[in-house]
Amino acid sequence: MIYKKIPYKSGLQILNRFKASEDAVALITEDMSAPESIESLKQAELNFDLIQFLAHGLPVRESIWWASLCLDMRSDVWSPIQMQCVNTARDWVKSPSEELRRKAELFANRLEQNCGPSWLAQAVFWNGSGSIVAADLPVVLPDAHLYSKAVSGAVNHAAALPHWDGTKEYYEKAISTALDIAAGGNGKEVEA
């Protein structure tokens with residue numbers, strides 16, 4: 001499979017961007033391409049690591065779009081403000097603006113990063129397009145891949161909490177959705 005939205009040749013280029021499990025580190029070798037690394041993580045059912053890998057491999061907007069689609073799978077458990085987080089993220093992807101980025105910051109702060117939607121809002125705020133301190137202070141930009149950590153936090157958090165019996169199916173669809181986006185799709189037509 002060709003993943004034109006993942007611009008890295010080697011899987012290690014992505015794996016080295018986050019704290020992977022010992023199993024994932026042992027699995028991915030220097031000579032493995034990004035697609036081979038994805039397939040190996042998938043076959044080993046290292047879903048937590050694979051979600052981090054995909055979040056760090058996709059570009060900013062694609063990564064945040066993917067997380068918003070994943071969180072839609074749990075829309076029946078999100079409060080109205082949590083759904084506003086998801087919708088704000090989706091709006092930002094469609095039309096990035098400082099106003100929406102700052103709105104996402106307010107949601108993330110209000111929900112205190114205690115749920116998937118709050119981590120998604122944090123990803124929007126940390127996307128790299130603006131300062132992460134108050135607007136009246138000198139500009140401080142986030143680390144280049146900080147948004148990826150928040151995206152993987154959103155997707156992995158929603159896989160487990162609130163507790164449910166659908167974690168396995170959730171991960172299967174989340175991974176399929178990411179791979180569709182990575183291949184150039186929009187992630188919306190993916191079947192579970």
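## Close-up views of a predicted model

**View 1. Glu 45 sits in the loop between helix 3 and helix 4 (47–57).** Keep in mind that this is a predicted model. Glu 45 is not a glycine, yet its phi is positive, at about 55 degrees. Is Glu 45 buried or exposed? Its relative accessible area comes to 62%, and the cut-off for exposed is over 50%, so Glu 45 counts as exposed. Glu 45 turns up again in the next view, as one of the residues lining the largest pocket.

**View 2. Here is the largest pocket, with about 220 Å³ of space in it.** The residues around it are Lys 42, Gln 43, Glu 45, Asn 47, Lys 168, Tyr 171, Glu 172, Ile 175 and Ser 176. Which helix gives the most to this lining? That's helix 10, with five residues. Helix 3 (34–43) and helix 10 (167–182) each put in at least two. Sorted by class, the lining has four charged, three polar and two nonpolar residues.

**View 3. A cis peptide bond joins Leu 161 to Pro 162.** The omega angle of this bond is near -10 degrees. To find the spot, follow helix 9 (146–160) into the loop that runs between it and helix 10; Pro 162 is in that loop.

**View 4. Trp 164, Tyr 170 and Tyr 171 form one aromatic cluster.** Searching the whole structure gives three aromatic pairs. One pair is Trp 164 with Tyr 170: their ring centres are 6.0 Å apart and their planes meet at 75 degrees, so the pair is edge-to-face. If you're wondering about those two values, a pair of aromatic rings is described by the distance of the centres and the angle of the planes. How accessible are the two partners? Tyr 170 is buried, at 1% relative accessible area, whereas Trp 164 is partly exposed, at 25%. The remaining member of the cluster, Tyr 171, also helps line the largest pocket.

**View 5. Two arginines sit over tryptophan rings: Arg 74 over Trp 164, and Arg 90 over Trp 65.** Arg 74 lies over the face of Trp 164, 3.8 Å from the ring centre. So what else does that tryptophan ring do? Trp 164 also pairs edge-to-face with Tyr 170. For Arg 90, the charged end is 5.6 Å from the centre of the Trp 65 ring. If you zoom out from Arg 74, try looking for Glu 22: the two are 52 residues apart in sequence and 29 Å apart in space, C-alpha to C-alpha. Glu 22 belongs to helix 2 (residues 22–27) and is exposed, with 74% relative accessibility.

**View 6. Gln 113 has a positive phi, near 45 degrees, although it isn't a glycine.** Look for Gln 113 in the loop between helix 7 (98–111) and helix 8 (116–125). Its relative accessibility is 25%, so Gln 113 counts as partly exposed. How far is Gln 113 from Glu 98, C-alpha to C-alpha? They are 20 Å apart in space and 15 residues apart in sequence. Glu 98 is in helix 7 and is partly exposed as well, at 41% relative accessibility.

**View 7. Helix 8 is largely enclosed by the rest of the structure, because nine of its ten residues are buried.** The buried residues are Gly 116, Pro 117, Ser 118, Leu 120, Ala 121, Gln 122, Ala 123, Val 124 and Phe 125. What do they pack against? Their packing partners are helix 5 (60–72), helix 6, helix 7 and helix 9.

**View 8. Gln 82 is a buried residue, at 13% relative accessibility.** You'll find Gln 82 in helix 6 (residues 80–94). The cut-off for buried is under 20%, so a residue at 13% makes it. Which residues does Gln 82 touch, leaving aside those up to four places away in sequence? The contacts are Val 77, Leu 111, Cys 115 and Pro 117. Pro 117 is one of the buried residues of helix 8, which links this view back to the previous one.

How values were computed:
Residues are numbered from 1 along each chain as its sequence is written. This is a predicted model: local features need pLDDT of at least 70, side-chain atom pairs count only at pLDDT 80 or more; totals for chains, interfaces and linings use all residues. Side-chain values use heavy atoms; hydrogens and water are left out. On a 1 Å grid over the protein atoms alone, a cavity is a set of points where a 1.4 Å probe fits but cannot get out, and a pocket is an open set with protein on both sides within 12 Å along at least five of seven lines; lining residues have an atom within 4 Å of a point. Grid points are joined across faces, edges and corners, and a volume is the space filled by probe spheres set on the points. Helices (H or I, at least four residues) and strands (E, at least two) are DSSP runs, numbered from the N terminus. Ala, Val, Leu, Ile, Met, Phe, Trp, Tyr, Cys and Pro count as nonpolar, Asp, Glu, Lys and Arg as charged, and the others, Gly among them, as polar. Buried means under 20% relative accessible area, exposed over 50%, partly exposed in between (1.4 Å probe, protein chains only). Rings of Phe, Tyr and Trp (its six-membered ring) pair if their centres lie within 6.5 Å; planes under 30 degrees apart count as stacked, over 60 as edge-to-face and the rest as tilted. A charge sits over a ring if NZ of Lys or CZ of Arg is within 6 Å of the ring centre and within 35 degrees of the ring normal. Contact means heavy atoms within 4.5 Å.
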